[in-house]
Amino acid sequence: MSSDNSSSQPGHLYLVGVGPGDPELMTYKAVRILTKARVWAVPTAKENGLSSAQQIAGQMVPDNDRTILSLCFPMKKVFLGQETDDQLLQAWRKSADEVIKHLDRGEDVAFPTLGDATLYSTAFYLLAMIQEQRPQVPVTVVPGITAMAACAASQASPLALGDDVLAVVPAAFEDDRLRGILTNLDAVVLMKVHRRIDALIDLLEELRLTDCAVLTERSGMPGERVYTDIREARGRKLHYFSTMVIRKKKVQVSNGTIEIAA
Ligand SMILES: C[S@@+](CC[C@H](N)C(=O)[O-])C[C@H]1O[C@@H](n2cnc3c(N)ncnc32)[C@H](O)[C@@H]1O
């Protein structure tokens, strides 16, 4: 753990959503902040692995002339309220220490993260670890376009309309609540579906929802694939970047009024 040798003016920490893949979906603000920050802390899933967030950001902002801190966050499940995996805690702490070194020198650090920082992003575990040691560090969160927004947009479909209730579910967890959510809510986004696709298709078939679902793999990235018939995804080894959007109601105009077609 680093000691508190912070300068009177610590650097500013920016958590920057860079959108789900298509670099044109980065906001002006994300581009401006990433251009200004001389230090980027980039998340990777493996030691010395590539960072998807950096790859997206790098298409809009040259990254070869700045300091890149490659921070490895192992892909492990986090159960909030339960004891955190030791390997994860160590990785978060190590990453926080790396970032703090630069903040203490008064350098601004930007953390580009896939989609939006506020939705299932490691950014907030890192932030908590940094704030534990440096509560005075100024922080700005730059919102980004979420993967679910891009997936719905590619189908020219809303995520929610009118009195719809929308749920967002991390489907990697075997969660008894999923059946109830799918039964009771109007629209559901399933994230992290890649390892559970067959079980999810079974459940959707049983609930007669298969035809309401669209699965998007690698939205806005090379190799993007959209399954409008999700049965075709059965048995496939999907990429981690796969999201399913389920909408029960379709909107149509009939005799000049908006109607819901079930
Ligand atoms: C750790 S979460 C990150 C979510 C991200 N912060 C957001 O705002 O969308 C990872 C999950 O996001 C979804 N995801 C991220 N990028 C995606 C993409 N390009 N295409 C489809 N799904 C994506 C997948 O469900 C993936 O398992």
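Domain bounds here come from an automatic or database domain assignment. This is a predicted model, in which local features need pLDDT of at least 70 and side-chain atom pairs count only at pLDDT 80 or more, while totals for chains, interfaces and linings use all residues. Residues are numbered from 1 along each chain as its sequence is written.

**View 1. The two domains of the chain are domain 1 (13-142) and domain 2 (147-255).** Their C-alpha centres lie 27 Å apart, and the contact between them (C-beta atoms, placed from the backbone, within 7 Å) takes 7 residues from domain 1 and 10 residues from domain 2.

**View 2. The ligand lies between domain 1 and domain 2, because both give residues to the shell around the ligand.** Of the 22 residues in this shell (C-beta atom, placed from the backbone, within 6 Å of the ligand), those that come nearest are Gly115, Thr146, Ala147, Met191 and Ser219. Helix 5 and strand 10 are the elements that give two or more residues to the shell; helices (H or I, at least four residues) and strands (E, at least two) are DSSP runs, numbered from the N terminus.

**View 3. Helix 5 (residues 147-154) is largely enclosed by the rest of the structure, because 6 of its 8 residues are buried.** Buried means that 20 or more other C-beta atoms, placed from the backbone, lie within 10 Å of the residue's own. The buried residues are Ala147, Met148, Ala149, Ala150, Cys151 and Ala152, and their cover includes strand 6 (166-170), strand 7 (187-191), strand 8 (213-217) and strand 10 (242-247). After helix 5 comes Ala156, whose phi is positive, near 50°.

Notes
Buried ≥ 20, exposed ≤ 12 C-beta atoms within 10 Å, placed from the backbone. Contact = placed C-beta atoms within 7 Å.
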